[in-house]
Amino acid sequence: MAKKKRLNQGQLRRMRVNAQKRLHSEISYEWNDEQLGKSEDGVVISRFGQHVDIQSEHGEIFRCNIRRTVDSLVTGDEVLWRRGQESHSGIKGVVEAVQSRRSELSRPDYYDGLKTIAANIDQVIIVSALKPDFSSDMIDRYLVAIENSHLKPVILLNKIDLLDDTLRPQISSILEQYQSLGYQTLYASSKTEHGLDALNEQLRGQTSIFVGQSGVGKSSLVNMLLPQVCAQTQEVSDNSGLGQHTTTAARLYPLADGGRLIDSPGIREFSLWHLECDEVTYGFRELRQLQGHCKFRDCKHQNDPGCAFVEAVKKGDVSQWRYQSYLRILQSMIEKRPARHIPPR
Ligand SMILES: Nc1nc2c(ncn2[C@@H]2O[C@H](COP(=O)(O)OP(=O)(O)O)[C@@H](O)[C@H]2O)c(=O)[nH]1
Ligand SMILES: [Mg+2]
Ligand SMILES: [Zn+2]
């Protein structure tokens, strides 16, 4: 077998510089006014660095570059764009303006600060599954983030084909408790297509985003709902049980009856350190209403006398596991909050 020739540092560096130059000349292509058609409405399907895929009102997709005056563009953004008379290195138009957002879902990035994942969303579907692992802590973290974004959360348990007679009652009991807190819950299996109709019903006419750990089956659910799109899915390695990172950018899929569905990249961990403690409390519906009822204003809600939270747990108004999950989130915020600003890599 021929041995691969290894490139030295200088060659590698020159390759990188040339690639950068190529990229730069593509993205910095400046359209003249006469090369462009009239302004059209469009929606951002996906963003790749300095490029963006726009869906026109007629459903066609155009890869565009972005005017410098547009400062932030994410999946779900409504834009004004113009198509070019001809394409340049695959770029077929330019985005000139972005409409103001009805809503956005963001997550904190350790290096970049708060990053918007998608815009103009109505509901966030938290997808969980027995595999890679079922974690109500993870669901709670998503709920805190979603409640603080003032979006509607829906909890979906996927891969129910994996539930056996021991696990089914345990997991159902947890989901029922979320239901009693007022959260909508759904059961599905992208393998057996169980729950397809209910999910279609839930998504009808709305803009929804799937969030959840990598490997829970978000892209498989997209394929169940829209068999023609063939979203890329990944086998979960049976050894580690860990899902791999497949989807790199959030991607929007138009639904047949007017709704939109966004598949988001696997988010390994949903940090909450951009939130204040009060906002974490706000993210727990049953604790939110108790806020301000503790005896001491600086109550830590643990051993402090006259704590309304502890009282509510004792009375059974707040479940022990949700309260413990709340304390774990507060604890993790103290441990993981970056101590100082770390400059971008
Ligand atoms: N048993 C079972 N496996 C599923 C189901 N849905 C997805 N999977 C598998 O889970 C793995 C990860 O799926 P994928 O859709 O890529 O997950 P994503 O990372 O959340 O998008 C793949 O191996 C799928 O075949 C399901 O309903 N049941
Ligand atoms: Mg995926
Ligand atoms: Zn308290």
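**A tour of the zinc site**

Begin by selecting His-301, which, apart from residues up to four places away in sequence, touches Cys-294, Cys-307, Phe-309, Val-310, Tyr-323, Tyr-326 and Leu-327, a contact being heavy atoms within 4.5 Å. This is a predicted model, in which local features need pLDDT of at least 70 and side-chain atom pairs count only at pLDDT 80 or more, while totals for chains, interfaces and linings use all residues. Residues are numbered from 1 along each chain as its sequence is written, ligands are numbered from 1 and chains lettered from A in the order in which they are written, and side-chain values use heavy atoms, with hydrogens and water left out.

Staying on His-301, note that it is buried, at 13% relative accessible area (buried is under 20%, exposed over 50%, partly exposed in between, with a 1.4 Å probe and protein chains only).

Next, select the zinc ion (ligand 3), whose protein donors, Cys-294 (SG), Cys-299 (SG), His-301 (ND1) and Cys-307 (SG), lie 2.1 to 2.4 Å from it; donors are N, O and S atoms within 2.8 Å of the metal (3.2 Å for Na, K and Ca), and water is not among the atoms, so sites may look incomplete. The 4 donor atoms subtend angles of 102 to 114° around this ion, and the arrangement is therefore tetrahedral (four donors with all angles between 85 and 135 degrees).

Then move to Cys-299, which is buried with a relative accessible area of 9% and which, leaving aside neighbours within four places in sequence, is in contact with Cys-294, Asp-304 and Cys-307.

Technical notes. Tetrahedral: all angles 85-135°; square planar, octahedral: opposite > 155°, others 65-115°.
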